[in-house]
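Open the model in your viewer and keep a selection tool at hand. The stops below are given in the order in which to select them.

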Amino acid sequence: MPPVPSPPPVPALPPLVEPGPELSRDEIARYSRHLIIPDVGTTGQRRLKNARVLVIGAGGLGSPTLLYLAAAGVGTLGIVDFDVVDASNLQRQIIHGVADLDRPKAQSARESIAAINPLVTVVLHEERLDAENAVDLFSRYDLILDGTDNFATRYLVNDAAVLAGRPYVWGSIYRFTGQVSVFWEAAPDGRGLNYRDLYPQAPPPGMVPSCAEGGVLGILCGTVGSVMGTEAIKLICGIGEPLLGRLLIYDALAMSFRTVTVRKDPGGAPVTGLIDYDDFCGVVPDDVAAAADGAALSPRELAAELAAADPPVLIDVREPVEWEIVHLDGARLIPRDRILSGAALGELPHDRPIVLYCKTGIRSAEALAELRRRGFGQVRHLQGGIAAWTAQVDPGLPAY
């Protein structure tokens, strides 16, 4: 039986950036291991030197990507981040250290980059990315890298990149899995794709937990962030087979990589402007928001009720692993999924007030809506979850 021929390789895209000035003696010494790679050489290094790359977020994926792009000699790195460094970040956000706690992430990242490569210009954008500033901001850069962890921002980045005519590298992580792809609506030769071709609609609110709710293996960020940085370098230099039209899926537990083809959505509407992305993606479903309206207790209100002679029944709807980290005294653990499936309904009283809580208030609101549908009338939930309780009532409890 004759061998099956391999599919023809996907052609490289043309270089995204023109070569910059000649390399100095110091730059030749610094980047010598690049210069002796035929596909990169001095011309490719000069392209990197001339490139302007905007990284959205100096967090889990932004950290390794920024460090490696700086080490590689990308001339200008822009950082969009208005958050501050928290202790929970240090497990994966390797661009920050203990000394950076409570400092702005963008400033911490700039210092780490300078320590690796002082030849790189770092531009800070310490503001929230929104529909008012995204297109103009993207237009100032050659390439965008998006490692954000919520769908509203992902769709905003996609649509702004389409309107600005810029390609972007997208990455996503959750627990032990990661995904990476390249999107560029204006790509040559009819190869244009954007994020809406992969995800025409955002998944239902609550369907895909964030890393803060579901967790992520810290070292996964290094693998996925390195792939994102590699794709950026390939696009800048015009080498190799880009992930445009392919989705890379990494499973750390199986230690496997696979790719699936992404094709243009024939029914997709063109992006002609920016929209309200929080409304498009939602935080919680409409029925959940309606059920939770007026049924939320602040941490201090709950503390007062728990101290009364006849306290409400307190139900923790998180997962057992979260219960082991920290829980409120007097609470009972009934995970949300057991409430949503109906399996735990017999464990809950109909004749006493019930207060539900989770980590941030999203899962408890979903459980509240389900109990209301099942005929439980005296149900409320803790606004902001145990995270708010720890911040406002009992700072001595562990925060996670």
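Start with Asp-102, which sits in the loop between β2 (76-80) and α5 (105-116). Bear in mind throughout that this is a predicted model. Asp-102 is not a glycine, yet its phi is positive, at about 70°. Is this residue buried or exposed? Asp-102 has a relative accessibility of 66%, so it counts as exposed, the cut-off for that class being over 50%.

Next, select Asp-189. This residue belongs to the loop between β6 (177-183) and α8 (195-198). Here too the backbone has a positive phi in a residue other than glycine, with a value near 65°. Asp-189 counts as exposed because its relative accessibility is 70%.

Now go to helix α4, residues 62-72, and pick out Leu-67. Its relative accessible area is 15%, so Leu-67 is buried; the limit for buried is under 20%. Which residues does Leu-67 touch, leaving aside those up to four places away in sequence? They are Ile-94, Ile-95, Ser-112 and Ile-116. Add Ile-113 to the selection and draw a distance from its C-alpha to that of Leu-67: the two are 6.2 Å apart in space, although 46 residues separate them in sequence.

The next stop is a pair of helices. Select α3, which covers residues 41-50, together with α10; the latter runs over residues 220-237. The axes of α3 and α10 lie 9 Å apart, and the helices pack at an angle of about 110°. How are the two oriented to each other? They are roughly perpendicular, because angles of 65 to 115 degrees are classed that way. To see where they meet, show the side chains of Gly-44, Arg-47 and Leu-48 on the α3 side. Their counterparts in α10 are Ile-233, Ile-236 and Cys-237.

Stay with α10 and step back along the chain to Ile-219, in the loop between α9 (211-214) and α10. Ile-219 counts as exposed, since its relative accessibility is 66%. Turn on the surface and add Phe-176, Leu-217 and Leu-253 to the selection. With Ile-219, these residues make a nonpolar surface patch of about 410 Å².

To finish, show Leu-67 and Ile-219 together. Leu-67 is buried, whereas Ile-219 is exposed.

Definitions and conventions
Residues numbered from 1 in each chain as written. Predicted model: local features only at pLDDT ≥ 70, side-chain atom pairs only at ≥ 80, totals over all residues. Heavy atoms only, no water. Patch = residues over 30% accessible without salt bridge, like charges linked within 9 Å, V, L, I, M, F, W, Y side chains within 5 Å. Areas by Shrake-Rupley, 256 points an atom, 1.4 Å probe, with all protein chains shown as cover. Salt bridge = Lys/Arg side-chain N within 4 Å of Asp/Glu carboxyl O. Helix = DSSP H or I, 4+ residues; strand = E, 2+ residues; numbered from the N terminus. Buried < 20%, exposed > 50% of the residue type's maximum accessible area, 1.4 Å probe, protein only. Axes fitted to C-alpha atoms, helices over the stretch in contact; angles between N-to-C directions. Parallel < 35°, antiparallel > 145°, perpendicular 65-115°, else oblique. Contact = heavy atoms within 4.5 Å.
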